Amino acid sequence: MKITILQTDIQWAAPAANMANAERLIDDAGEADLFVLPEMWSTGFATEPAGIAESEEGEAFEWMVRMAHGRKAAIAGSIAIRTREGEYRNRHYFVRPDGSFDYYDKHHLFTYGHEDQFFTPGNSRTVANYMGIRFLLITCYDTRFPLWMRYNDDYDAIIIVANWPSNRQLAWHTLVRARAIENQCHVIAANRTGTDPCSTYSGESCIIDAYGNTLAQAEGNSQQTVSATIDLERQRHFREKFPVLRERDILKVFPALYT
């Protein structure tokens with residue numbers, strides 16, 4: 001499967017401009033089976049979402065549906081949404097070409113940036129199946145919590161969408177590779193670039209294999225696309241040959257996490 005990350009320079013609270021920009025990047029990138037956008041790709045990381053968040057399955061989501069259908073490729077990325085019940089959610093969508101979709105509501109809200117004051121956390125993991133590959137959907141701050149992401153015989157790859165700031169870039173490099181190595185899986189890590197009212201972002205989006213090797217890495221901090229083909233058969237062979245996952249502790253220590 002060919003996967004392309006869209007490392008975008010997100011304009012603040014400008015969905016139309018961000019959709020047009022992402023569409024240009026998709027056109028320039030050429031064919032792929034899956035395109036991955038950053039966290040809150042249509043607005044920027046809006047911790048105070050009033051007037052910025054869209055309704056469930058709103059404008060940005062409908063754009064994702066159109067792009068997936070038109071490009072015959074799945075599209076993933078998170079959007080700030082306001083539910084029918086009036087709650088704000090940081091919702092990570094995975095949209096397939098046939099219009100079907102899964103979503104994950106960010107569980108670990110970024111308390112340091114006051115995301116928890118306005119958003120409601122999700123309480124369950126989501127695994128999206130596409131072309132025979134099972135993707136665990138994860139959003140930014142979740143990456144710091146390995147128990148939440150721990151392999152439970154349920155996924156083949158992790159998609160991380162983020163607005164990860166430049167001053168914590170070492171943590172970004174370290175954590176995305178740690179999640180790949182400890183779970184013996186591919187990690188597709190999409191970060192933004194540019195600036196918003198609170199932070200500067202240096203991108204460095206990447207695709208990592210189950211050994212922790214870099215398959216593709218953004219060059220510099222400019223807006224760009226990052227592509228790689230993942231080899232699931234090689235990963236399966238690695239898991240069988242070096243079966244460290246059989247000795248993991250989580251089901252013994254934290255059995256309630258996955259119920």
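1. Which strands form a hairpin with five residues between them, and which residue in the turn has a positive phi? In this predicted model, the two strands are β5 and β6, and the turn residue is Gly-99, whose phi is about 90°.

2. The pairing behind this hairpin can be described in more detail: β5 covers residues 88–95 and β6 covers residues 101–105, and the two run in the antiparallel sense, joined over five bridges. Within that pairing, His-92 stands opposite Tyr-104, the latter belonging to β6.

3. As for the overall make-up, the protein contains six helices together with 15 strands. Its radius of gyration is 17 Å, close to the 18 Å that the globule rule gives for 259 residues, and the protein is therefore as compact as a globular protein of that length. Taken along the principal axes, the box filled by the C-alpha atoms is roughly 50 × 40 × 40 Å.

4. On packing, 56% of the 259 residues count as buried. Among contacts with a sequence separation of 6 or more, 65% are accounted for by residues that lie 24 or more positions apart.

5. Turning to the surface, the accessible area of the protein comes to about 11,100 Å², and carbon and sulfur atoms hold 50% of it. The charges number 26 positive and 34 negative, and the mean position of the positive set is 4 Å from that of the negative set.

Conventions
Residues are numbered from 1 along each chain as its sequence is written. This is a predicted model: local features need pLDDT of at least 70, side-chain atom pairs count only at pLDDT 80 or more; totals for chains, interfaces and linings use all residues. Side-chain values use heavy atoms; hydrogens and water are left out. Helices (H or I, at least four residues) and strands (E, at least two) are DSSP runs, numbered from the N terminus. The radius of gyration is taken over C-alpha atoms; the globule rule is 2.2 Å times the number of residues to the power 0.38. Buried means under 20% relative accessible area, exposed over 50%, partly exposed in between (1.4 Å probe, protein chains only). Contact means heavy atoms within 4.5 Å. Accessible areas come from the Shrake-Rupley method with a 1.4 Å probe; for residues, only the protein chains shown count as cover. Lys and Arg count as positive and Asp and Glu as negative; His and the chain ends are not counted. The place of a charge is taken as NZ of Lys, CZ of Arg, CG of Asp or CD of Glu. Two strands pair if DSSP finds at least two bridges between them.
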